[in-house]
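Subject: Structure handover and notes

Dear colleague,

Here is the structure I said I would pass on. My notes follow below it.

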Amino acid sequence: MRNVDMDCIRTFLAFCDTGDGKSAARTVNRTQSSVSIHLRRLEETIGRKLFRKDGRRLTLTPEGINFQRYARKIFIVQDEMFNFFSENAVAGKLRIGLPSDTISFLPDIGIDDFARDYPLVELEIMCDSTPSLRSMIRDQKIDVAIVSSESDDKQGMALESYPVSWIRGQSFDLHKHQCLPVAFYRDGCLLRRWGINSLKANGIDYRIVCSTNDTHVLNLMVTRGIAISVQTINNGIPENCVRLLPEDGFPKLPPICNSMIRTPEHSSLVDRFCNHVHKYRLTLLSSFDDAVLPTKSLFHDGTSTR
């Protein structure tokens with residue numbers, strides 16, 4: 001039975017994450033020659049070529065890419081094992097707030113992974129409007145929350161921003177309506193406020209025909225040509241819909257940003273969750289070639305998740 005040296009796997013992953021031997025050596029606190037020895041020993045143990053030369057650089061072979069996937073799984077399982085059997089196993093209750101008005105386009109923050117890694121932590125998830133979540137954070141009724149805000153909001157840790165636009169169904173004729181029928185998320189939603197302010201600023205008469213926090217209902221109102229609406233367009237617009245542009249009389253709207261905020265007097269469990277989200281987002285973004293990865297995640301209260 002062949003055994004794979006965990007130090008070699010750790011060095012291999014450091015090389016994958018940093019892209020070169022010198023940086024990998026700093027990560028695992030070894031010399032460059034030790035890194036080379038570990039990588040060579042790993043290839044000998046696996047019996048496959050994990051690297052190939054690309055000019056002066058080493059890149060992963062198809063076998064190396066497959067091995068990287070298994071290597072990461074090995075360390076995930078190892079972390080789970082130590083977390084479960086540790087005498088200082090992380091336990092407690094963590095109350096997480098998610099915005100009901102933008103739940104359909106929340107960024108992936110790996111809550112399921114956190115629950116698996118920390119089985120003794122009791123998660124309680126609540127959905128409400130962003131203003132309600134901010135109030136609950138102030139009153140310490142929840143520990144951490146994802147909230148929607150303008151992209152230049154300086155609170156919390158920014159996660160992801162999305163473009164926003166007016167949309168209408170293809171069958172909707174703007175010129176047939178002296179008083180525009182509109183559909184919005186309920187009171188407290190930033191998209192609703194932006195939409196109403198935009199209509200008022202441009203002197204456009206309107207009537208709200210639907211208020212809901214159900215994105216499916218909102219999409220139905222638009223696609224059936226019953227009303228126009230303001231929505232995020234990060235994943236495109238609903239089928240049979242078109243964007244309303246400035247030339248149509250609808251000014252450009254700012255992007256919306258999802259941020260993570262936490263109570264001022266937060267516990268070490270909250271810090272651990274925030275650190276998990278930061279690392280999870282980095283791993284997620286690293287799968288995209290054009291992703292720009294932050295070097296650290298800093299809350300605007302001056303503290304880091306590291």
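The model is predicted, so please read what follows with that in mind.

His276 first. This residue lies in helix H9, which covers residues 268–285. Its relative accessibility is 13%, and because that is under 20% it counts as buried. Apart from neighbours within four places in sequence, His276 makes contact with Ile109, Gly110, Asp113 and Phe114.

Next, the salt bridges. There are eleven in the structure; three of them are described here.

In one of them, Asp7 pairs with Arg10 through their side chains, at 2.9 Å from N to O. Both residues belong to helix H1 (residues 6–18), and because they are three residues apart, about one helical turn separates them. Asp7 is partly exposed at 34% relative accessible area, and Arg10 is also partly exposed, at 35%. The pair does not stand alone: a network of salt bridges links Asp7, Arg10 and Arg30.

Another salt bridge joins Lys49 to Glu43, with 4.0 Å between the closest N and O atoms. Lys49 is exposed, with a relative accessibility of 55%, whereas Glu43 is buried, with a relative accessible area of 15%.

Asp271 and Arg262 also form a salt bridge between their side chains, at 2.9 Å from N to O. Here Asp271 counts as partly exposed at 31% relative accessibility, while Arg262 is buried, its relative accessible area being 8%. Asp271 falls within the residue range of H9, the helix that also holds His276.

Last, the packing of two helices. How are H1 and helix H2 arranged against each other? H2 spans residues 21–28, and the two pack at an angle of about 130°, their axes being 8 Å apart. Angles over 145 degrees would count as roughly antiparallel and those from 65 to 115 as roughly perpendicular, so H1 and H2 are oblique to each other. Their crossing is right-handed. On the H1 side the contact is made by Arg10, Thr11, Ala14, Phe15 and Thr18, and on the H2 side by Gly21, Ser23, Ala24, Thr27 and Val28. By type, the residues of this contact are four nonpolar, five polar and one charged.

Arg10 therefore appears twice in these notes: it pairs with Asp7 in a salt bridge, and it is one of the H1 residues in the contact with H2.

Regards

Note on methods
Residues numbered from 1 in each chain as written. Predicted model: local features only at pLDDT ≥ 70, side-chain atom pairs only at ≥ 80, totals over all residues. Heavy atoms only, no water. Helix = DSSP H or I, 4+ residues; strand = E, 2+ residues; numbered from the N terminus. Buried < 20%, exposed > 50% of the residue type's maximum accessible area, 1.4 Å probe, protein only. Contact = heavy atoms within 4.5 Å. Axes fitted to C-alpha atoms, helices over the stretch in contact; angles between N-to-C directions. Parallel < 35°, antiparallel > 145°, perpendicular 65-115°, else oblique. Left-handed = near helix turned anticlockwise from the far one by under 90°. Nonpolar A, V, L, I, M, F, W, Y, C, P; charged D, E, K, R; others polar.
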